[in-house]
Amino acid sequence: MKIPASFRRPPFFQKETELTPGQAQSFPEMLLKTPFYYDLTQEERPWLHKRETVPLLFALWRQIEPQLAACYSERKPQAAKQRMIAMSALYMNCLWWSHGRPVTSLHQLEETSEALLYKPVNIGERLHYVLSDLPRFHAFLQLKALFDEQQKIFAKMLMLEKRDENKRMSNL
């Protein structure tokens, strides 16, 4: 499968490349190896099961974050670059999948992220900063803050959805 033009944006995909289907790799391995794999192939639709999959994305971040922190504490930002790219894509998956939808384009990302309901403040500007300043330490700090905020927002969103569901059930 060719990477569609809507996903060709640095630092993820810069030219027309081929995407090879996953060969018996685990969910986290696919996300780390190929940014937006599931959004592109739709061979699985994890955003439809956000209650199960989004917490897995947060857990993957918590697993990789100390490795990134070590790169920066050793003053080796270039060693963090590939992981920062993968974690930036992972964050965008968290953001969109929290809303039950896939990432459909990386163009106008800043604008489309602002239109989402459950998101951190100034998400468009902050995403732009992270993506334009990879692999600098301050981009890492911003990405870490975005993950922390999104995790809290996701928990609140689940509680609100549960409350609304309970209201609907009690009105029947």
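## Exercises on salt bridges and fold

The side chains of aspartate 164 and arginine 163 form a salt bridge, with N and O 3.1 Å apart; a salt bridge here is a side-chain nitrogen of Lys or Arg within 4 Å of a carboxyl oxygen of Asp or Glu. This is a predicted model, in which local features need pLDDT of at least 70 and side-chain atom pairs count only at pLDDT 80 or more, while totals for chains, interfaces and linings use all residues. Residues are numbered from 1 along each chain as its sequence is written, and side-chain values use heavy atoms, with hydrogens and water left out.

**Exercise 1.** Work out whether aspartate 164 and arginine 163 are buried, partly exposed or exposed.

*Solution.* Start with the cut-offs: buried means under 20% relative accessible area, exposed means over 50%, and partly exposed is in between (1.4 Å probe, protein chains only). Next, take aspartate 164: its relative accessible area is 30%, so it is partly exposed. Then take arginine 163: with 42%, it is partly exposed.

**Exercise 2.** Find what the salt bridge between glutamate 161 and lysine 50 ties together.

*Solution.* Begin with the atoms: the closest N and O atoms of glutamate 161 and lysine 50 are 2.8 Å apart. Now place the partners: glutamate 161 sits in helix α7 (residues 137–170) and lysine 50 in helix α3 (residues 50–73), so their pairing ties together parts that are 111 residues apart in sequence. Helices here are DSSP runs (H or I, at least four residues), and strands are runs of E of at least two, numbered from the N terminus. As for exposure, lysine 50 counts as buried at 15% relative accessibility, whereas glutamate 161 is partly exposed at 24%. Finally, widen the view: Lys50, Arg51 and Glu161 are linked in a network of salt bridges.

**Exercise 3.** Describe the salt bridge of glutamate 74 and lysine 76, then state how many salt bridges the whole structure has.

*Solution.* The N to O distance between the side chains of glutamate 74 and lysine 76 is 3.8 Å. Glutamate 74 is partly exposed at 48% relative accessibility, and lysine 76 is partly exposed at 45%. A search of the whole structure finds eight salt bridges.

**Exercise 4.** Locate arginine 101 and list its contacts beyond its sequence neighbours.

*Solution.* First, the place: arginine 101 is in the loop between α4 (77–97) and α5 (109–114). Second, its exposure: at 41% relative accessible area, arginine 101 is partly exposed. Third, its partners: setting aside neighbours within four places in sequence, arginine 101 contacts Trp47, Trp96 and Leu116, where contact means heavy atoms within 4.5 Å. For comparison, arginine 101 and glutamine 142 are 41 residues apart in sequence and 24 Å apart in space, C-alpha to C-alpha.

**Exercise 5.** Check the radius of gyration of the protein against the value for a compact globule.

*Solution.* Take the radius over C-alpha atoms, and use the globule rule of 2.2 Å times the number of residues to the power 0.38. For 172 residues a compact globule would have a radius near 16 Å, and the protein has 17 Å, which agrees. Then add the fold: the protein has seven helices and zero strands, and its C-alpha trace spans about 55 × 35 × 30 Å along the principal axes. Buried residues make up 44% of the 172 residues. To finish, look at the contacts between residues at least 6 apart in sequence: 61% of them join residues at least 24 apart.
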